[in-house]
Protein chains: 2
Amino acid sequence: MKKEALSSSSSGCKTRILAIKDTMEILTGKWKFHIIGSLMLFEKLRFMELLREVDGIGAKMLSKELQDLEMNHLIRRTVLNTKPLTVEYELTDCGRTLGPIIDEIAKWGITYRNTLYHKSETSESLV
Amino acid sequence: MKKEALSSSSSGCKTRILAIKDTMEILTGKWKFHIIGSLMLFEKLRFMELLREVDGIGAKMLSKELQDLEMNHLIRRTVLNTKPLTVEYELTDCGRTLGPIIDEIAKWGITYRNTLYHKSETSESLV
DNA sequence: GAAAGTAGTTTCTTTAAGGAAACTAATACC
DNA sequence: GGTATTAGTTTCCTTAAAGAAACTACTTTC
């Protein structure tokens, strides 16, 4: 049996771990998924609409999160020269590729809840 | 055109958003994905093995993260009555269902990197 | 000219996350 | 008895994330 070896530094493992780290750094924080989810649903939203749509977020947070997402090319910010000046946010093509991740996460969350309910009846490890 | 309405409180939207919140709360922090990923790769790992495997983590963090994961039924902790006493960690069935999420996230991270490289050549929005 | 709506920014404060180092406690080896 | 290993815990400290409230600046409506 090996002893000092182990360490997953083998082949694609490092790449994989890095890729996961990358993704999670980009999507970090309490609000990113919610903002992206809203933009997936509504296509285009203005700042004030997002502020109302993303339940509980404040202007400062929203502003910061939108900047983050824009820097990472996931959303596009367009200033419209309307009367009182409005700004439109929408997903880029790149941003839209997050669909499958968000689907998986939502799917898992729903299944997980159901699993817990059933498990709690029959015990399991439950503390 | 609607004005005050909007608000995605429609049908399954709330459920979906809650499910995403649930999932992300369970998998929050810098280390959970890395720990789960390691356990997917190695099946069973002891505390010290995880400490070496999960690059950069400290004993306190590892201990806390393992407790979190165990509370959420994603991993199982087994004390073996070996000579100096060892503890074995492994994924539960529930923990193993995270596979697809982690795959999607890893896949996206890799694609995202490639996309950036190509976009940076042809410009895009790039700051 | 006062009020309200647009899109934010600034300041100040609290809370959470994370890390380094030392420490406990049990056992085994020499 | 001294050193090492296992699996953590405890203490102390720093940094990052988040939030509330007030404020800027411009325009439109009444």
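**The A–B interface and its axis**

Trainee: Which residue of chain B comes closest to the rotation axis?

Mentor: In this predicted model, the distance is taken at the C-alpha atom. The closest approach within chain B is 3.3 Å, and the residue is Ile101(B).

Trainee: What relation does the rotation between the two chains represent?

Mentor: Chain B is superposed on chain A by a turn of 180 degrees, with 0.0 Å of shift along the axis and an RMSD of 0.0 Å. The same surface serves both copies, since 98% of the contact residues of chain B recur in chain A. A turn of 180 degrees with 0.0 Å of shift is therefore the relation of a two-fold axis.

Trainee: How much area is buried between chain B and chain A?

Mentor: The contact involves 41 residues of chain B and 40 residues of chain A. Carbon and sulfur atoms give 70% of the buried area. The total is about 4,200 Å².

Trainee: How many salt bridges cross the interface of chain B and chain A?

Mentor: One pair that qualifies is Arg16(A) with Asp103(B), because their closest N and O atoms are 3.0 Å apart and the cut-off is 4 Å. Across the interface, the number of salt bridges is four.

Trainee: Which element gives the largest share of the side of chain B that touches chain A?

Mentor: The elements of chain B that give two or more residues to this side are H1 (12-26), H2 (32-42), H3 (47-53) and H6 (99-122), each a helix. The largest share is 13 residues, and it comes from H6(B).

How values were computed
Residues numbered from 1 in each chain as written. Chains lettered and ligands numbered in written order. Predicted model: local features only at pLDDT ≥ 70, side-chain atom pairs only at ≥ 80, totals over all residues. Heavy atoms only, no water. Contact = heavy atoms within 4.5 Å. Buried area = accessible area lost by both parts, 1.4 Å probe. Salt bridge = Lys/Arg side-chain N within 4 Å of Asp/Glu carboxyl O. Helix = DSSP H or I, 4+ residues; strand = E, 2+ residues; numbered from the N terminus. Least-squares fit on C-alpha atoms with pLDDT ≥ 70 in both.
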